[in-house]
Amino acid sequence: MIKKSFILGIAALSFVTFSTQTFAAGGEHTVEKGESLWDIGKEKSVSVIQLKEANNLESNEIQPGQTIEIPDNNVTPEDRELLAKLVHAEAKGEPYAGKVAVATVVLNRVDSTEFPDTIKSVIYQVSNGHYAFSPVQNGQINQAPSQEARDAVQEALAFRGQGKGSLFFYNPVTSTSDWITNRETLLTIGKHRFAK
């Protein structure tokens, strides 16, 4: 029931839970019985969209024994750990879906022409004399992330390129910026609003 509620609660983002095992992207993978593109994407830190494009797949259907090309996603283990630290600091106490959504905002920024093009440069971006993310300013970015934050990053990587494209998130109770509260809200998860 919890998993069903979780999926229904964030249908707009299409998130599901997954294993914590991770591997480097690139190379080939032989599909095992019961495996899906989603499973492979989470395991290999690569988006389902990239998997389909690299393998000329028009659907999500794959068969046991099939060899799947794993594209390089240019996300290093250091990038994943830094993103997990940010997720841990920004979304501590938030639902798992909120943690995935925070990681997704960073990836959406990397993919947007409006922001820097690497995870590290997005996280450490300074705009108008302020860091984009308060945990960088207050040092909380240096805390070890939880396993849940690491899992959320892997899920966001598999989900990359889908969803509504949120580029911002904020807590309306603690936000002091009129600018952010006037952005178009796409989704609310826990105490955070996600906006474009």
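This is a short conversation about salt bridges in a predicted model.

Student: How many salt bridges does the structure hold?

Tutor: There are four salt bridges in the structure. Let's go through some of them.

Student: What makes K99 and E148 a salt bridge?

Tutor: Their closest N and O atoms are 3.3 Å apart, and the cut-off is within 4 Å, so the pair qualifies. The two residues sit in distant parts of the chain, with K99 in helix 5 (residues 96–111) and E148 in helix 8 (residues 147–159), 49 residues apart.

Student: Why is K99 called buried?

Tutor: K99 has a relative accessibility of 6%. Buried means under 20%, so the word fits K99.

Student: And why is E148 called partly exposed?

Tutor: The relative accessible area of E148 is 36%. Partly exposed runs between the 20% and 50% cut-offs, so E148 belongs there.

Student: Why is the pair of R160 and D111 called a salt bridge?

Tutor: Here the closest N and O atoms are 2.7 Å apart, and within 4 Å is what is asked, so this pair counts too. R160 lies in the loop between helix 8 and strand 5 (168–170), while D111 is in helix 5, so the pair ties together parts 49 residues apart in sequence.

Student: How do you know whether R160 and D111 are buried or partly exposed?

Tutor: R160 is at 15% relative accessibility, which is under 20%, so R160 is buried. D111 is at 46%, between the two cut-offs, so D111 is partly exposed.

Student: What about E43 and K44?

Tutor: E43 forms a salt bridge with K44, their closest N and O atoms being 3.7 Å apart. Both E43 and K44 are buried.

Note on methods:
Residues numbered from 1 in each chain as written. Predicted model: local features only at pLDDT ≥ 70, side-chain atom pairs only at ≥ 80, totals over all residues. Heavy atoms only, no water. Salt bridge = Lys/Arg side-chain N within 4 Å of Asp/Glu carboxyl O. Buried < 20%, exposed > 50% of the residue type's maximum accessible area, 1.4 Å probe, protein only. Helix = DSSP H or I, 4+ residues; strand = E, 2+ residues; numbered from the N terminus.
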